[in-house]
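Here's a walk through a two-chain model, from domains down to single residues. Have a look at the picture first, then read on.

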Amino acid sequence: MKTLSKKFLAGTAVAAAMLTGSIGTLLAQDKPVIATVVKISGIPWFDRMSTGVQAFAEANPDVVASQSGPATADSAQQLQIIQDLVAKGVSALAVVPMDPAVLEGTLKRAMERGIVVVTHEADNQINTQADVEAFDNADYGAALNERLAKCMNNEGKWTTFVGSLGSRTHMQWVGAGEENAKKYSGMQLVDPNNESFDDANGTYEKAKEILRKHPDIKGFQTSAGNDVLGVGRAIDEAGLSGKICLVGTGLPNPSADLLETGAITAIGFWDPQKAGMAMNAVAKLLIEKKELTDGMDLGVEGYNKVAVKKGAGEGLLIIGNGMVLADKATYKDYLF
Amino acid sequence: MQKAGGQLVMLVAINGLLLVLGAAISGGSFLSLFNLQSMASQLPEIGLLAIGVMLAMCAGNGGIDLSGIALANLSGVLSAVIVSAFISSGESETAFSLAFIFGALAIGFLGGVINGLLISKLNITPILCTLGTQMAFMGLAIVVSGGKAVMVGSPALLSSIGNDMFLAVPISFLLFVIVAGLIAAVLKFTPYGLWLMLMGTNPKAAVYAGFPKTGVLVATYAISGLLSGLAGIIIAARNVNVKFDYGSSYLLIAILIAVMAGVKPEGGYGRVVCVVLSAVALQLMSSLLNFGGLSNFVRDFAWGLLLLTFLAVGRYDLTGFLFPGIRQTVSSVPVPHAPKQDN
């Protein structure tokens, strides 16, 4: 028994010492600290964002920039990380809120302590100094549709998919798409706003129905991240790759196969790497008490001429032009 | 008895160690008043839920309460929806706060009573029953809120529960300590406490001894529900908004805290003071890692390590080895002895 406990104690001591060592190296610096807090760590989207935060830290040696996030997708866990960072006394928080409403109280307390607060993907956040959005939703929807129209030679039947009818951004995207399609008299919208619930299988079934109902359909514009995969698979299995056009929001890695076969014409997204850099750039400007002006250059690709508006609360809404449309030829530049 | 004392000593030691460690690596800022306050105000939500889990575990017969956080969210959401329909939080702040608090506690209590009745009257296994009610509570919260966050706002009284200090101690933390003390006292000094522990030790014997089994079970889950309601109030007070899916990770953490506190999963033993200290230890460790900027996956790892340490303490006489003095005093207690309500 005694030897066992001794071994156990020794093991614990070694583990504790290692832990202390690794923590110690990460602390103690006088430079302003910008802490990026994401919705969840360890998923491709936010791993990509952390490369942006790292790049920003390397380009700006006068600040310390790091990224953290909860291990589980729970707004309560994100909240605790933010509270601890506030207590630690960081200079700025760059937050991608899991749930903007839940963070309001804590972000308000952080700002009252003089901490700079910047958010992303939260244009309804009230307690923030600046919310950075990658693009204007209407511009994005129009751009997707323009790419679709080009592929369809500006004529033929087309339809749209949204994650759900309650999803505000998705409805804005397809709405702008419909507006854009009115430019071309040959384009005929049929059965619009199919709900996909971001489920690739459900979307696949739905797309097959549409293909049966409208054998002469020429185009699909989709919104939720998995829609291109479902619709793409339906097109691919029907042997119509390259004959039917499909443009929608999607991520390069999962879409790679279908882009190669031609089932997906193009995917649209914004690069979280650049968004992370832009958030940190805004935070740094705010720490230095510089003014954010309409049309200014954040020094990040896609954010060279940002629109600055009044946000949901006291803060500003900063809109970049960070949309990326990638097709078979270009998706390899953005593998994440 | 021996195990019990050891657990308490071990928990105190771990807490002390974490504080020293934190001070060492942060150059003292970990022990700054503001951080202590910040950690203290993060604690109550999960601490209250863990005490609820402890009570359910003590009842024995596989007792557990999985519905805690779902019920806490439901209390906040439903109470906010109902109360805002009648009173505006901006105009009559105190009336709104009081009505909200009362509503949340009532809903929590009711949810707990439902759990207790299902388990005692229909003899449903607690883990299945509370899993079911957890989903039902969450579903109801989604329906009444339409899946969106519900605004509670910060009317004076609620806002002071969430944000203000009394003698430099966050009010929410004071509330938590008072409630924990109250429950500890109930367990120690009332017949209910004795019944609960004895019933957990041997349910069959308890029935033959004429214990009010149904009453004890319903009361246990009702208290657990009441604690959930209180947690819902504190969540609302701190976050301004309440939402159905807040704290989905709390479910397992609450159980982890209870087990780490030496609560017997098979029933019959658990001390409130250990649960409080165990919750404090988890909070300290999690804040420590956030201070160090380490990945949150390290935190899960560290929590697992801590849990295994405590299980080892229970299994092997590690405390006796660490603190020989205690072992001597403890071993002078005559064994065997009847199970006592040890709170």
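In chain A, the C-alpha centres of domain 1 and domain 2 lie 31 Å apart. Domain 1 takes in 31-108 + 115-134 + 272-321, while domain 2 covers 137-270; the bounds come from an automatic or database domain assignment. Bear in mind that this is a predicted model, where local features need pLDDT of at least 70, side-chain atom pairs count only at pLDDT 80 or more, and totals for chains, interfaces and linings use all residues. Residues are numbered from 1 along each chain as its sequence is written, with chains lettered from A and ligands numbered from 1 in the order in which they are written.

Chain A has 10 helices and 14 strands. Helices (H or I, at least four residues) and strands (E, at least two) are DSSP runs, numbered from the N terminus. The C-alpha trace of chain A spans about 75 × 60 × 35 Å along its principal axes. Of the 336 residues in chain A, 52% are buried, meaning that 20 or more other C-beta atoms lie within 10 Å of the residue's own (exposed is 12 or fewer, partly exposed is in between, and C-beta atoms are placed from the backbone).

UniProt, in an unreviewed entry, lists residues 34-291 of chain A as "domain: Periplasmic binding protein"; its positions are given in the numbering used here, feature names are shortened, and annotations may be inferred rather than shown by experiment. That stretch is 48% helix and 19% strand, and its end C-alpha atoms sit 18 Å apart.

Now zoom in on β10(A), residues 245-249, where 5 of 5 residues are buried. Its two pairings are set out below; strands pair if DSSP finds at least two bridges between them.

| Strand pair | Bridges | Direction | Bridge partners |
|---|---|---|---|
| β9(A) (residues 217-222) and β10(A) | 4 bridges | parallel | Thr222(A) and Gly248(A) |
| β10(A) and β11(A) (residues 266-270) | 3 bridges | parallel | Gly248(A) and Ile267(A) |

From β9(A), the chain reaches β10(A) through helix α8 (residues 227-237) of chain A, in a right-handed β-α-β crossover. Right-handed here means that, with the strands pointing away from the viewer, the path from the first strand over the helix to the second runs clockwise. Another right-handed β-α-β unit is made by β10(A), helix α9 (residues 252-261) of chain A and β11(A).

What about the largest nonpolar core? It has 205 residues, and those with the most contacts inside it are Leu93(A), Ile257(B), Ala258(B) and Val275(B). Such a core is a set of buried Ala, Val, Leu, Ile, Met, Phe, Trp, Tyr and Cys residues joined through C-beta atoms within 7 Å. Helix α10 (residues 213-239) of chain B gives the largest share, 16 residues. Both domains of chain A contribute residues too, so the core lies between them.

Ile257(B) is one of the buried residues in helix α11(B). That helix, residues 250-260, has 9 of its 11 residues buried, so it's largely enclosed by the rest of the structure. After α11(B) comes Gly262(B), with a positive phi near 85°. Leaving aside neighbours within four places in sequence, Ile257(B) is in contact with Ile46(B), Ala50(B), Val275(B), Ser278(B), Ala279(B) and Leu282(B); contact means C-beta atoms, placed from the backbone, within 7 Å.

Finally, Leu48(B) sits in helix α2 (residues 33-58) of chain B. Leu48(B) counts as buried because it has 29 C-beta neighbours inside 10 Å.

How values were computed:
Two residues are in contact if their C-beta atoms, placed from the backbone, lie within 7 Å.
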